[in-house]
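Please find below my note on the secondary-structure arrangement of this entry. The points concern strand pairing and helix packing.

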Amino acid sequence: MVAKMARTLELIEHRRKLIVCIGVRPVCDVEEPAQGTVSPIWPAWVDALRATARANVSVYSVDPTGLTQRSFVGGIGLVRLTGGELFANSNDFGPPATAIWREASSYYLLGYWPPVSSKALHSIDVKVARKDIRVRSRQVRGG
C-alpha cells in the first residue's frame, strides 16, 4: 500500500510528501524482513523503499494507543528508513501534529536518483556542518 500511495504522490514534483499512518507500530512501521532477500515480503519491502525514495515521500506513524503501550524495542522500520518519525507513548496528539506540519512545511531537498535499471539498494550519508540544523534522511539497508 505504501508503494502504491508513493507512486501516486510521485506525480507532484519538487515537494516533500508525507504518508501519515495512525495505528499500532507493527502495522504502520513495518520492520525490515529478518530473512532479507529470502523473505516472501522482501520484494514488497524493496518496492516500498524505492517508491518512497523516488517520490520524496516520508512515512510518519502516530500510535494512538497512548501511554498504555509497552515500550517496544525492535528492528529498523519503514518509518525511519524513509526519513519519517514515529510518535508513540503519549496521550497528547498536539505535539506530533505540530512536528509533522513543521517538518513538511520547511525543508531543503537534496536528491539522488539511481538508474532505473539498478536492482540494488544504495546507501548515501547526509551530514551538515551547522549545529542548529536537523538532518532527516533516508536510511537504506540490504541489497
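1. In this predicted model, strand β2, residues 57-62, runs parallel to β1 and is joined to it by six bridges. Within this pairing, V20 has Y60 of β2 as its opposite residue. As general background, strands in a sheet are paired through hydrogen bonds of the backbone, in either a parallel or an antiparallel manner.

2. The sheet as a whole is open and consists of three strands, ordered β1-β2-β3, with parallel pairing. Its edges are formed by β1 (17-22) and β3 (86-87), each of which pairs on one side only. Helix α5, spanning residues 94-105, packs on this sheet and touches β1, β2 and β3. The direction of α5 makes about 175° with that of β2.

3. How do the axes of α1 and α3 cross? Helix α1 (residues 2-9) and helix α3 (residues 42-55) have axes that come within 8 Å, and the crossing angle is roughly 20°. Angles under 35 degrees count as roughly parallel, and α1 and α3 are therefore roughly parallel to each other. The handedness of the α1 and α3 crossing is left-handed.

4. Which residues make the contact between α1 and α3? On the α1 side they are V2, A3, A6, R7 and L9, which meet D47, A48, A51, T52 and A55 of α3. By class, the residues of this contact comprise seven nonpolar, one polar and two charged.

Methods: Residues numbered from 1 in each chain as written. Predicted model: local features only at pLDDT ≥ 70, side-chain atom pairs only at ≥ 80, totals over all residues. Heavy atoms only, no water. Pairing = 2+ DSSP bridges. Helix = DSSP H or I, 4+ residues; strand = E, 2+ residues; numbered from the N terminus. Contact = heavy atoms within 4.5 Å. Axes fitted to C-alpha atoms, helices over the stretch in contact; angles between N-to-C directions. Parallel < 35°, antiparallel > 145°, perpendicular 65-115°, else oblique. Left-handed = near helix turned anticlockwise from the far one by under 90°. Nonpolar A, V, L, I, M, F, W, Y, C, P; charged D, E, K, R; others polar.
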